[in-house]
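Trainee: Please give me a close look at the strand pairing here, then work outwards from that part to whatever surrounds it.

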Amino acid sequence: MQLLIYILAYPFLWVVSILPFKILYLFSDFVFFLVYTIFGYRKKVVYGNLKLVFPEKDENEITRIQRKFYGHMCDLFLETIKVLAVTEKELKTRYQVVNMEVLQNMEREKSVLVVFSHYANWEWSVIINKSLRSKGYAVYQKIGNKYFDALVRKIRGQWNNTPITQQEMVKTVIRNHQNAINGVYGVVSDQSPHEFTPILRP
């Protein structure tokens, strides 16, 4: 069943990945219409959460923020699929890192943990590895469908980057430390890798 779902879904993913960005975002608007207007996916949950964190805002403002959130979510979803076929040049024009030299100076001397906020397209951050000397590791949550998991690993395994699951992170860090290998480990801020610093003490 997992393979069947993957076979049915992959052609759609591939077609989306080769769309020019202008068409991609037009398609995102259509997806927004389906998700927000037709199906109303988790609208009550999102609205309730916004009311909780913005009690001072009226219903019109909450609704405006809600619509912007769904628009951003649809863009993010399609941008993630786009990574299947995106070029290095395209990514560099859309994803820029300020003060990259700070990270470069740090990774020459030690391993570095880079924490990304759970906002915008963190999938595009793989392009950072093109500017690093150390090997990059992207920590992710393993997907139940092994075929989609392999696809995610392929997407995140570009440009000198190695995807590792949350469960693999501690072992990878320890192994690299024991072999005097510096690494740059990237996690999204809602991930919680186990504490490993005490283990690495001499």
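Mentor: Two strands count as paired if DSSP finds at least two bridges between them. The elements themselves are DSSP runs numbered from the N terminus, with helices being H or I runs of at least four residues and strands E runs of at least two. Before we dive in, this is a predicted model, so local features need pLDDT of at least 70 and side-chain atom pairs count only at pLDDT 80 or more, while totals for chains, interfaces and linings use all residues. Residues are numbered from 1 along each chain as its sequence is written, and side-chain values use heavy atoms, leaving out hydrogens and water.

Let's start at β2, residues 135-140. This strand pairs with β4 (residues 183-188) in the parallel sense, over 4 bridges, and A138 has G186 as its bridge partner there. β2 also pairs with β3 (residues 161-165), again in the parallel sense, this time over 5 bridges. Two spots help you find the register: Y137 stands opposite T162, and Y140 has T165 as its bridge partner. If you trace the chain here, β2, α7 and β3 make a right-handed β-α-β unit. Right-handed means that, with the strands pointing away from the viewer, the path from the first strand over the helix to the second runs clockwise.

How covered are these strands? "Buried" means under 20% relative accessible area, "exposed" over 50%, and "partly exposed" in between, using a 1.4 Å probe and protein chains only. By that yardstick, 5 of the 6 residues of β2 are buried. In β3, 4 of the 5 residues are buried, so this strand is largely enclosed by the rest of the structure.

I164 is a nice residue to zoom in on in β3. I164 counts as buried because its relative accessibility is 5%. Taking contact as heavy atoms within 4.5 Å, and not counting residues up to four places away in sequence, I164 touches Y137, A138, V139, Y140, M169, T172 and Y185. By contrast, the C-alpha atoms of I164 and N129 are separated by 15 Å, with their positions 35 residues apart along the chain.

M169 and T172 lead us to helix α8, residues 166-178, where both are buried along with Q166, V170, V173, I174 and N176. The buried residues of this helix pack against β1, β2, β3 and β4. After α8 comes A180, which has a positive phi, near 55°.

Now for the nonpolar cores, each a set of buried Ala, Val, Leu, Ile, Met, Phe, Trp, Tyr and Cys residues joined through side-chain atoms within 4.5 Å. The largest one has 36 residues, and L103 and I128 have the most contacts inside it. Elements that each supply at least two of its residues are α1, α2, α3, α4, α6, β1 and α7. I128 touches Y95, V97, M100, L103 and F116, leaving out residues up to four places away. Our I164 belongs elsewhere, to a second, separate core of 7 residues that also includes V173, Y185 and V187.

Moving further out, α4 holds an odd one, E79. A salt bridge here is a side-chain nitrogen of Lys or Arg within 4 Å of a carboxyl oxygen of Asp or Glu, and for charge, Lys and Arg count as positive and Asp and Glu as negative, with His and the chain ends not counted. E79 is buried yet has no salt bridge, and the nearest side chain of opposite charge, R94, is 7.1 Å away. Beyond its sequence neighbours within four places, E79 is in contact with L24, Y25, N121 and W124.

The whole structure has 3 salt bridges. R64 and E61 meet in one, at 2.7 Å from N to O; they sit 3 residues apart in α4, which means about one helical turn between them. E88 pairs with K92, with their closest N and O atoms 3.0 Å apart, and with K130 at 3.8 Å. K130 lies in the loop between β1 and β2 while E88 is in α5, so that pair ties together parts that are 42 residues apart in sequence. Sharing partners, these salt bridges join E88, K92 and K130 into one network.
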